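Student: I've got a new structure on my screen and I'd like to learn how to read it feature by feature. Can you walk me through it?

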Amino acid sequence: MELIRKLYKTYAPTGREWPMIQFVLDYLSTHVPETDVNIDSGGNLYIRRSRNSKVEKDKRLAGYPTLCCHLDQAQKTHSEDFEVREEDGIITGFSPSRNASEGLGADDKNGIWVCLKALEQCEHLKVFMSVGEEKGCWGSNRADLAFFKDSLYILEPDCKGGEEIRTLLRGIPVASKEFEEALEREKFGYVITEGKTTDILPLTLSGVGVSCANIPCGYHNPHKDEEYCNVAELQKCLDFVLHTVQTLRAKFPHEYKTETQKWAENNPLTF
């Protein structure tokens, strides 16, 4: 778990994500140098790993399974002597000088870990890493949607616990029923439930055009000093993501429109 420990020690609150951005760039340069990485003016990262020769031979790989996570954390306290402690498969943060627990930022450093490990193991994958998720999904609201034009679907490891896949966010469906049925969730002990705002919600509302799902990645008590990570749940998330991107190679379109949008399309006015 060396990588996850390094991620926890990298402090990147909203608006000051640059240490995490640099960490990700350095890690990819060393461990997955064949990736193409772009960064927009806001700090969002757009990452692609492609086996182009294989794509030409296999039309099933014409699109990309796509992952999404965010680079910022909510915690405002991160002492210079911050320590990562693990006992019986549970990881916590602690400051000896304060003699107090401090949040890991596992929301969403666990998601970053999953994305980086998936890039190492999958030769055909896209990853979007956003800034400002904890302050209104600032980055994903301004994402370059052209990056997702050849996405098959989007998986976002940014959900607490280890049981609930979320495809309905604040009452808005972010996935098709066909996509929900295609996910082999029972094999991993997952159920589909409703959740709150994450990056895939603004992407859906902006018209990304494919089904999305938020996957639980083992963090608990997010945003708090008492935050902790269940290592087994984190590993299960990676296993599920790898299984899905390696076996689910069809495109799952999804478009959400409000009743007002539908009405306006059917009742155009000219000025």
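Tutor: Sure. Let's begin with a cut-off we'll keep using: a residue is buried under 20% relative accessible area, exposed over 50%, and partly exposed in between. Keep in mind that this is a predicted model.

Student: Okay, let me try that scale. Is lysine 117, at 21% relative accessibility, buried or partly exposed?

Tutor: Partly exposed, because 21% is not under the 20% cut-off. Its salt-bridge partner is glutamate 120, at 3.6 Å from N to O. Glutamate 120 is partly exposed too, because its relative accessibility is 28%.

Student: Where do glutamate 120 and lysine 117 lie?

Tutor: Both are in helix α4, three residues apart, which is about one turn of the helix. The general idea: an α-helix has 3.6 residues a turn, so residues three or four places apart point the same way.

Student: How many salt bridges does the structure hold?

Tutor: There are 15. One of them joins arginine 49 to glutamate 34, with the closest N and O atoms 2.7 Å apart. That pair links distant parts of the chain: arginine 49 sits in strand β2 (residues 45-49), while glutamate 34 is in the loop between α2 and β1 (36-39), 15 residues away. Arginine 49 is buried, at 9% relative accessible area, whereas glutamate 34 is partly exposed at 41%.

Student: What about arginine 185 and glutamate 186?

Tutor: They form a salt bridge as well, and here the closest N and O atoms are 3.9 Å apart. Arginine 185 counts as buried with 19% relative accessible area, and glutamate 186 is exposed with 56%. Salt bridges can also join up: Glu255, Lys257 and Glu265 are linked in a network of them.

Student: On to helices. Which residues of helix α1 are buried?

Tutor: In α1, residues 2-9, the buried ones are Leu3, Ile4, Leu7 and Tyr8. They span an arc of only 135° around the axis, so they are on the same side of the helix. On the face turned away from that buried side you'll find the exposed residues Glu2 and Lys9.

Student: What do the buried residues of α1 pack against?

Tutor: Their contacts include the helices α2 (18-31), α4 (106-121) and α8 (231-247). They also pack against the strands β4 (83-87), β5 (90-95) and β14 (228-230).

Student: Next up, cysteines. How many disulfides are there?

Tutor: Zero. To call one, you need two cysteine sulfur atoms within 2.5 Å. Cysteine 69 is in no disulfide, and the nearest cysteine sulfur, that of cysteine 115, is 3.7 Å away. Cysteine 69 is buried at 0% relative accessibility, and cysteine 115 is buried with 0% too.

Student: And backbone oddities? Which residues have a positive phi although they are not glycines?

Tutor: Among them is asparagine 99, with a phi of about 50°. Asparagine 99 belongs to the loop between β5 and β6 (100-101), and it is exposed at 61% relative accessibility. Another is cysteine 137, at about 55°. Cysteine 137 is in the loop between β7 (125-130) and α5 (138-141), but it is buried, at 3% relative accessibility.

Student: Where is there a cis peptide bond?

Tutor: Look at the bond from aspartate 107 to aspartate 108, where omega is near 15°. Aspartate 108 lies in helix α4.

Terms used. Residues numbered from 1 in each chain as written. Predicted model: local features only at pLDDT ≥ 70, side-chain atom pairs only at ≥ 80, totals over all residues. Heavy atoms only, no water. Buried < 20%, exposed > 50% of the residue type's maximum accessible area, 1.4 Å probe, protein only. Helix = DSSP H or I, 4+ residues; strand = E, 2+ residues; numbered from the N terminus. Arc of directions from axis to C-beta. Contact = heavy atoms within 4.5 Å. Salt bridge = Lys/Arg side-chain N within 4 Å of Asp/Glu carboxyl O.
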